[in-house]
Amino acid sequence: MPRLVIAAPSSGSGKTTVATGLMAAFSERGLAVSPHKAGPDYIDPGYHALATGRPGRNLDAFMCGPELVAPLFAHGAAGCDLAVVEGVMGLYDGAAGRGELASTAQVAKLLRAPVVLVVDASSQSRSVAALVHGFASFDPQVRLGGVILNKVGSDRHEVMLREALEEAGMPVLGVLRRAPQVAAPSRHLGLVPVAERRRDAVASVAALADQVRAGCDLDALMALARTAPPLACEAWAPGEFEARGPGRSPSRRPVVAVAGGAAFTFSYAEHAELLTAAGAEVVTFDPLRDESLPEGTTGLVIGGGFPEVYAPELSANEPLRKAVAAFAAAGGPVAAECAGLLYLARSLDGKPMCGVLDADARMSERLTLGYREAVAVSDSVLAPAGTRLRGHEFHRTVIEPGAGACPAWGFTHPERRVEGFVENGVHASYLHTHWAAEPSVALRFAEAAAAHR
């Protein structure tokens, strides 16, 4: 599998611009391009999917373990001509205090993939050579195959940058000028998701493809991608967990309704694949528009997203709020993460929500962000008490109280506290998890959905 990892010295250098543009440009050549994102980010994969027509998939060595990075990659990239992996933060930045764990560099090494460094050259000239030399020599196991210079100001600026990198022996694989017109809008948690601006996003991705096609040597980049050696691993498969799961597959096919639409855009593709492999029929619904749950719903998954942006609209859909509350009151299994937690609360920024939880949520000035190590405090539809999982938090809201009488998780690192709610068939928490790390979660939830009438 030809493959490239697109990295940068730091966040804000233009990784998403370059990675998405490359995906779109190669796709326009008729190649089947497999898009990937290092780390837990949900938003960038939406742009990747738009560029390639394939699901954007995450590769997270903290949440899933280093041993699953290559198998998950192979699963997503099966049948493709090229894979492009967008990095996270700076090339060597990873989980705080854990060395290289979950860094782009670690993912590149696990995939044995060459790295292309995207450098914001807007405020430097010859110093770019020292910067690139440092990144190339810091870890000899990371193979830096070339540089794409971003935000170059003029022809003269480009000449100086190229001369400096030629002295350093580093190939320049592309030069991109400043082009604010193709930048995606941002807000409190990063880029605005594709689902909220699809028409404009399509135009942005097309402009990125044009910019990358004009400024990058696609043939040289493809040649570099082909230098990646074979991966000695089996592809991950969502059905493999059944043999080691906590019980048999459901005896009847449960309908698991998964929240989608503009307000609930955060999900990992593997979750739906795992639920399907566990015997469930996965159906998507939009809490902004649908006034009832899908017909025959016996399980409900409400993932992450931006309910705080759509609180008035979610509140105005009273029929669906009542349907969700009735489903939960009847003991229906509900798995809610972050945005789902807020939607199940009594209110969000003063707007009535579903009222499943005796708690109120509001926007906060403080960003809560980071990896977490957690242990299940209470038996739930997702996991028995004592189950250990890794996840991440990413929100600028608070809910009061922060935990119910039966908390969902106890965090063991980097801080100790309990969090979330387990009530009847409801599991609601701020913690985002990746079920590929513990596939029995999907089987347990599917079994609970199959048992619900």
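Me: How many cavities of 30 Å³ or more does the structure hold?
Reply: Happy to start inside the protein! Rolling a probe the size of a water molecule over the atoms shows where empty space is left. In this predicted model, the number of cavities of 30 Å³ or more is one.

Me: How much space lies in the largest cavity?
Reply: Its lining is made up of 13 residues. The space in the largest cavity comes to about 60 Å³.

Me: Which element gives the most to the lining of the largest cavity?
Reply: Two elements each supply at least two residues of this lining, namely helix 12 (339-344) and strand 17. With four residues, the element that gives the most is strand 17.

Me: Into which kinds do the lining residues of the largest cavity divide?
Reply: Some names help first: G305, E308, C338, L342 and H395 lie nearest the cavity's centre. Sorted by kind, the lining has eight nonpolar, three polar and two charged residues.

Me: Is C338 buried or exposed?
Reply: C338 lies in the loop between strand 13 and helix 12. Buried means under 20% relative accessible area. C338 has 6% relative accessibility, so this residue counts as buried.

Me: What is phi of C338 near?
Reply: Most residues other than glycine have a negative phi, and most peptide bonds are trans. C338 is a residue other than glycine with a positive phi, near 55°.

Me: Where is K151, and what is its phi near?
Reply: K151 has its place in strand 6 (residues 144-152). At 29% relative accessibility, this residue counts as partly exposed. K151 is not glycine, yet its phi is positive, near 60°.

Me: Which peptide bond is cis with omega about 5°?
Reply: Let's look at two prolines. The bond from E400 to P401 is cis with omega near 0°, and P401 is found in the loop between strand 17 and strand 18 (409-413). P414 has its place in the loop between strand 18 and strand 19 (417-419). The cis bond with omega about 5° joins H413 and P414.

Me: What is the volume of the second largest pocket?
Reply: This pocket is lined by 41 residues, and T265, F266, S267, Y268 and A269 lie nearest its centre. Elements that each supply at least two lining residues include helix 2 (43-52), helix 9 and strand 21 (426-429). The lining divides into 25 nonpolar, 14 polar and two charged residues. The volume of the second largest pocket is about 870 Å³.

Me: How far apart are the end C-alpha atoms of helix 13?
Reply: Helix 13 covers residues 440-451, which makes 12 residues. At 1.5 Å a residue, the helix should span 16 Å. The distance between its end C-alpha atoms agrees with this, at 16 Å.

Me: Which elements do the buried residues of helix 13 pack against?
Reply: The buried residues are S440, V441, A442, L443, F445, A446, A449 and A450. They pack against strand 10 (255-259), helix 9 (269-277), strand 12 (297-302), strand 13 (334-337) and strand 17 (388-400).

Me: Why is helix 3 largely enclosed by the rest of the structure?
Reply: Helix 3 (residues 66-77) reaches 18 Å from its first C-alpha to its last, close to the 16 Å expected. Its buried residues, among them L68, V69 and F73, pack against elements including strand 1 (3-7), helix 4 (104-111) and helix 9. The helix is largely enclosed because the number of its 12 residues that are buried is nine.

Me: Which residue with a positive phi follows helix 3?
Reply: Step just past the end of helix 3. The phi there is near 80°, and the residue is G79.

Me: Which residues does V212 touch, beyond those up to four places away in sequence?
Reply: V212 has its place in helix 7 (residues 198-215). V212 is buried, with a relative accessible area of 0%. The residues touched are T17, V18, G21, L22, A25, L176 and L218.

Me: Over which residues is the pLDDT below 50?
Reply: The mean pLDDT of the chain is 93, and 94% of its residues reach 70 or more. One stretch is below 50, and beyond near neighbours in sequence it has 27 contacts in the model. Where pLDDT is low, the predicted coordinates should not be read in detail. The stretch to treat with that care is residues 241-250.

Terms used
Residues are numbered from 1 along each chain as its sequence is written. This is a predicted model: local features need pLDDT of at least 70, side-chain atom pairs count only at pLDDT 80 or more; totals for chains, interfaces and linings use all residues. Side-chain values use heavy atoms; hydrogens and water are left out. The expected span of a helix is 1.5 Å times one less than its number of residues. Buried means under 20% relative accessible area, exposed over 50%, partly exposed in between (1.4 Å probe, protein chains only). Contact means heavy atoms within 4.5 Å. On a 1 Å grid over the protein atoms alone, a cavity is a set of points where a 1.4 Å probe fits but cannot get out, and a pocket is an open set with protein on both sides within 12 Å along at least five of seven lines; lining residues have an atom within 4 Å of a point. Grid points are joined across faces, edges and corners, and a volume is the space filled by probe spheres set on the points. Ala, Val, Leu, Ile, Met, Phe, Trp, Tyr, Cys and Pro count as nonpolar, Asp, Glu, Lys and Arg as charged, and the others, Gly among them, as polar. pLDDT is the predictor's confidence in each residue, from 0 to 100.
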